[in-house]
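Me: I would like to learn how to read a pocket and a fold from a model. Could you take me through this one?

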Amino acid sequence: MKVAILGTSAVEQAVAEAFLQIGYEVMVYDPDSDQTSQLVKKGAVTVKTPEEAILETDAILLTITDGKAIRELLSTGIL
């Protein structure tokens, strides 16, 4: 199973690591690529846009708390 994780706070990083440990393919997106580097070292794949992650996965984990960022993501029409 492929899982997209949008954002890389401590919660998302812990969930991504758990998914990787049980063999899921994990795609991560964060505008700050420094935040994704630790997950990439553990086997995740970083993507350049949320749309790329959403279109190529079976499930999405979205825990963004910034209202503006949520509206921007939802306004793409991808979800």
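Me: Which classes of residue form the lining of the largest pocket?

Reply: Rolling a probe the size of a water molecule over the atoms shows where empty space is left. Here a pocket is an open set of points on a 1 Å grid over the protein atoms alone where a 1.4 Å probe fits, with protein on both sides within 12 Å along at least five of seven lines; lining residues have an atom within 4 Å of a point. In this predicted model, the lining has seven nonpolar (Tyr and Pro count here), three polar and three charged residues. Local features need pLDDT of at least 70, side-chain atom pairs count only at pLDDT 80 or more, and totals for chains, interfaces and linings use all residues. Residues are numbered from 1 along each chain as its sequence is written, and side-chain values use heavy atoms, without hydrogens and water.

Me: Which residues are the closest to the centre of the largest pocket?

Reply: They are Tyr 29, Pro 31, Ile 64, Ala 69 and Leu 73, out of 13 lining residues. Helix α4 (residues 67-74) gives the largest share, three residues; helices are DSSP runs of H or I, at least four residues, and strands are runs of E, at least two.

Me: What is the order of the strands in the sheet?

Reply: Strands pair if DSSP finds at least two bridges between them. The open sheet runs β3-β2-β1-β4 with parallel pairing, and β3 (45-46) and β4 (59-62) are its edges. Four bridges join β1 (residues 2-6) to β4, with Val 3 partnering Ala 59.
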